[in-house]
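Colleague: I should like to go through this model with you, one question at a time. May we begin with the loops and then turn to the interior?

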Amino acid sequence: MPWDSVPWFTEGGAVHTSEVARLLAYAAFGGGEGVVGSGDLRVKALSTPGPEVQVMTGACAILNRTAGATYQAYAGRLPTADRVPIAATGVSARSDLIIARVENPHAYGETWPLPSDEKVGPYIFTRVLSNVGNTTTNIRSLSSSRAAIVLARIDIPPNTTAITQSMIKDLREMVSPRRDRRIYTAFPGSLSTLSYSDNKWHNWPGAARWNIDVPIWATRVKIITTLAGFRYTRGDVFASMQNVFGGTLGQDTVIDDDQSTGTRRQTVVIADNMSVSAAKRGTTQTLYLQTYMSKAETGDVSVDGGTSIIADVEFVEAPDEEEI
């Protein structure tokens with residue numbers, strides 16, 4: 001019989017196999033694995049650092065990697081925080097990997113011991129893989145056949161008994177991260193010039209201003225603002241521009257033009273990858289540009305009817321370390 005004879009779902013008291021049930025989980029998770037929500041299963045130090053860490057509540061998808069387990073995944077849930085002991089270090093530093101692992105002795109080829117109660121398990125655990133390389137980020141490099149995902153790595157200094165948050169490197173990945181990308185445009189209706197004269201930041205150009213709805217799930221925002229046909233006049237120009245989103249300042253982009261007094265045009269690109277705080281999620285925030293003109297040069301910058309301003313804004317969902 002070439003087929004698994006009972007597909008999900010068949011009536012009449014048909015017995016459905018665990019393989020078909022795990023196929024359903026695999027399809028629901030889109031073939032991925034990782035945590036379900038951006039705050040799920042975060043590894044934290046204790047409020048008073050000690051020889052343990054805690055794994056916060058959440059849910060995850062873990063692929064079944066045993067032989068012949070094509071298109072199969074486990075769905076796991078941690079309803080209460082789990083405290084995990086971490087051994088002290090001696091004279092040498094050590095790195096430990098914190099993982100969530102399914103230990104299913106019924107899966108083909110697995111050698112896990114049977115739980116004390118086969119009906120309630122447990123079959124899923126928080127485990128510590130001790131003394132791994134201090135650059136390890138993925139369990140596949142250590143064990144390609146185990147059903148497990150990495151949550152964090154703890155890099156512990158010598159002679160240490162208490163784990164602090166600074167030692168914990170978050171390595172979670174999301175099973176199905178959401179994205180939302182939109183393009184915003186502006187076209188100045190008339191000439192607007194910013195001169196070199198005052199050595200200060202200005203909210204300019206005024207046409208580059210948009211009110212943007214932040215998705216409730218967003219943890220980061222990627223912004224690329226492009227000014228095509230940006231105009232220079234009078235002399236050499238030395239300036240800086242930056243995105244400002246919801247009051248958060250982006251990185252400075254330097255404008256350095258040494259083409260003397262003629263009127264000329266160039267394209268300027270300002271790019272940022274910012275975190276989105278919990279307070280901003282589900283709100284409307286303003287994106288605009290700031291420009292700083294240096295007195296070191298005497299040229300001016302301007303936008304006009306020949307200038308196009310484009311903001312490419314992408315919100316992404318990624319593992320979040322912020323307390324909510």
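Colleague: In the loop between which strands is Pro-205 found?

Modeller: This is a predicted model. In it, a cis peptide bond joins Trp-204 and Pro-205, with omega about -5 degrees. As for its place, Pro-205 is found in the loop between β13 (201–202) and β14.

Colleague: Which residue does the cis peptide bond from Gly-121 lead to?

Modeller: The loop to examine is the one between β7 (94–102) and β8 (124–132). The peptide bond in question has omega near 10 degrees, and it runs from Gly-121 to Pro-122.

Colleague: Is Tyr-71 buried or exposed?

Modeller: Tyr-71 lies in the loop between β4 (58–63) and β5 (73–78). Its phi is near 55 degrees, a positive value in a residue other than glycine. Exposed means over 50% relative accessible area. Because the relative accessible area of Tyr-71 is 52%, this residue is exposed.

Colleague: Which strand gives the most to the largest nonpolar core?

Modeller: That core has 33 residues, and Trp-210, Leu-227, Phe-230, Phe-245 and Phe-315 touch the most other members. Several strands each supply at least two of its residues, among them β14 (209–213), β15 (220–233) and β22 (308–316). With 5 residues, the strand that gives the most is β15.

Colleague: How many residues are in the second, separate core?

Modeller: Its members include Val-35, Ala-45, Val-84 and Ile-168. This core is separate, and its number of residues is 25.

Conventions. Residues are numbered from 1 along each chain as its sequence is written. This is a predicted model: local features need pLDDT of at least 70, side-chain atom pairs count only at pLDDT 80 or more; totals for chains, interfaces and linings use all residues. Side-chain values use heavy atoms; hydrogens and water are left out. A nonpolar core is a set of buried Ala, Val, Leu, Ile, Met, Phe, Trp, Tyr and Cys residues joined through side-chain atoms within 4.5 Å. Buried means under 20% relative accessible area, exposed over 50%, partly exposed in between (1.4 Å probe, protein chains only). Helices (H or I, at least four residues) and strands (E, at least two) are DSSP runs, numbered from the N terminus.
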